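This briefing covers helix packing, strand pairing and aromatic contacts in one chain. The points are grouped by topic.

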Amino acid sequence: MNRHAVESLQWLDDKQDSMLNLIVELCDINSGTFNLAGIQKVRERLIEEFSTLGGELEVVESEPWMTVDDRGVSEEGKSGPILHVTKWPEAETKVMLCIHMDTVYGPDSSFQKCVTRQDGTVNGPGVIDAKGGIVVMLNALKTLEASSLAGKIGWEVILNSDEEIGSRGSDTFIRSRAGHCVAGLLFEPSLPDGTLVSWRKGSGNFAFIVRGRSAHTGRDFAKGRNALAALSRLCVEIDELNTDPDITYNVGRINGGGALNAVPDLAVGRVNVRVVDTDQQKQVEEKFASLVAKYNEADGISVEMSGEFSSPPKPIDDGVRQMQSRIESCGEALGMEIKWRGTGGASDGNRFAAAGLPNIDTLGPCGDHIHSDQEFLIPESLVPRAKLAALVLMSFAAP
């Protein structure tokens, strides 16, 4: 690794406090996926920060997407816009950087503000998933642009607003930009000890809409067809598919029923599935189709399935191996030992991989307990992670 590139990283040495202050500021703005006003405030603040890089900024509207409500009715959903930043587009080599602005904590959550714990960690909504990652990305780019290698690679940034629900409104845009770059750096949090994610499972969300026939339970019970009971049996069968640890079926929610003296004629069940590869994905789809056909044979019961694998599996391929080797070399230059581990979680890295862009997607700061009110950031990881990301970027300019 170029000695001058490593020396240029010293610019970051005193940036931990300013990085942490920006993270806290962003986390104290609620940006749950469906809080579009909150996401707009975060986006406006980030426009201020990313404008200092001198690139071209644009706000891209996300696409509408369809969902099924608890009544089994399809309805249109809308995500917040995407912030897209590009610089040096004429460069021969271009790198994608991506992370999301939304969190899983809505305005009604009791988890709204950051606090510093006695052990020095910072507990707050989105501190590592993924507002900490945004700030690491920003400072890595600032370091690149302040170096002698500025302009020798092009880069673009995607900050989307709906990753926590599977990037349903930003998926098309993400895939459309993949072909413009040679590699992707994503800033989901690393594991607490700094381990990076190598492969990821694919994730799919499915809804099963079961309709039956309503009847009075006292006068005409035999004429009824219980949709809730049928759905319950279906969900038990789905749960019993959990025989292979590589494939997980989680029955996450059931809605249905009402008055106890009426046979329920509608029930909706929701299931999340995780798979390692596309063969398993096909296997799941075939099993679900078979179950739907089976229950549609029941007298007076109809079943409709909605959903898909919105995050395809992200395996280790030659492109990922080359990225891993590059990052390991950069880590070695910084005195960091890089370790790898697969995970069942999905990210936008799955979507980029499906579109043909090799990427590493856990270059954010260290911490743990994401998606809970115990989510925390290790502040001492901020500068090292920004240095690693900056050096990786520089490695494309000075291989």
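The model is predicted. Its strands include an open sheet of six strands with mixed pairing and an open sheet of four strands with antiparallel pairing. Two helix pairs are described below, α6 with α7 and α2 with α10.

**Six-stranded sheet**

- The strand order in this open sheet is β1-β4-β8-β5-β9-β16, and the pairing is mixed.
- Strands β1 (56–60) and β16 (359–360) lie at the edges, each pairing on one side only.
- Within the sheet, β4 (residues 82–87) and β8 (residues 154–160) run antiparallel and are joined by five bridges.
- One of the residues bridged to β8 is His-84, whose partner there is Ile-158.
- Helix α3 packs on this sheet and touches β1, β4 and β8. The direction of α3 makes about 160° with that of β1.

**Four-stranded sheet**

- This open sheet has the order β6-β7-β18-β17, and its pairing is antiparallel.
- Its edge strands, with pairing on one side only, are β6 (115–116) and β17 (367–368).
- β17 is joined by two bridges to β18 (residues 376–377), and the two strands run antiparallel.
- Asp-368 has Phe-376 in β18 as its bridge partner.

**Hairpin β2–β3**

- Four bridges pair β2 with β3 (residues 74–77) in the antiparallel sense.
- Val-68 is placed opposite Ser-74 of β3.
- Five residues separate β2 and β3 in this hairpin. Gly-72, in the turn, has a positive phi of about 80°.

**Helices α6 and α7**

- Helix α6 spans residues 227–239 and helix α7 spans residues 278–296; their axes come within 11 Å and cross at roughly 150°.
- Angles over 145 degrees count as roughly antiparallel, and α6 and α7 are therefore roughly antiparallel to each other.
- The crossing of α6 past α7 is right-handed.
- On the α6 side the contact is made by Ala-230, Arg-233, Leu-234, Glu-237 and Ile-238, and on the α7 side by Phe-288, Leu-291, Lys-294 and Tyr-295.
- Sorted by class, the residues of this α6–α7 contact are six nonpolar and three charged, with no polar ones.

**Helices α2 and α10**

- The axes of α2 and α10 (residues 382–397) are 9 Å apart, and the helices pack at an angle of about 95°.
- Angles of 65 to 115 degrees count as roughly perpendicular, so α2 and α10 are roughly perpendicular to each other.
- From α2, Gln-16, Met-19, Leu-20 and Ile-23 meet Leu-382, Val-383 and Ala-386 of α10.
- This α2–α10 contact has six nonpolar residues and one polar residue, and no charged ones.

**Aromatic pairs**

- The model has six aromatic pairs with ring centres within 6.5 Å.
- In the pair of Phe-34 and Trp-65, the ring centres are 6.5 Å apart and the planes are at 50°, so the pair is tilted.
- Phe-34 sits in the loop between α2 (16–27) and α3 (36–51), while Trp-65 belongs to strand β2 (residues 65–68). The two residues are 31 residues apart, and their pair links distant parts of the chain.

Terms used: Residues numbered from 1 in each chain as written. Predicted model: local features only at pLDDT ≥ 70, side-chain atom pairs only at ≥ 80, totals over all residues. Heavy atoms only, no water. Axes fitted to C-alpha atoms, helices over the stretch in contact; angles between N-to-C directions. Parallel < 35°, antiparallel > 145°, perpendicular 65-115°, else oblique. Left-handed = near helix turned anticlockwise from the far one by under 90°. Contact = heavy atoms within 4.5 Å. Nonpolar A, V, L, I, M, F, W, Y, C, P; charged D, E, K, R; others polar. Pairing = 2+ DSSP bridges. Phe/Tyr/Trp six-rings, centres within 6.5 Å; stacked < 30°, edge-to-face > 60°.
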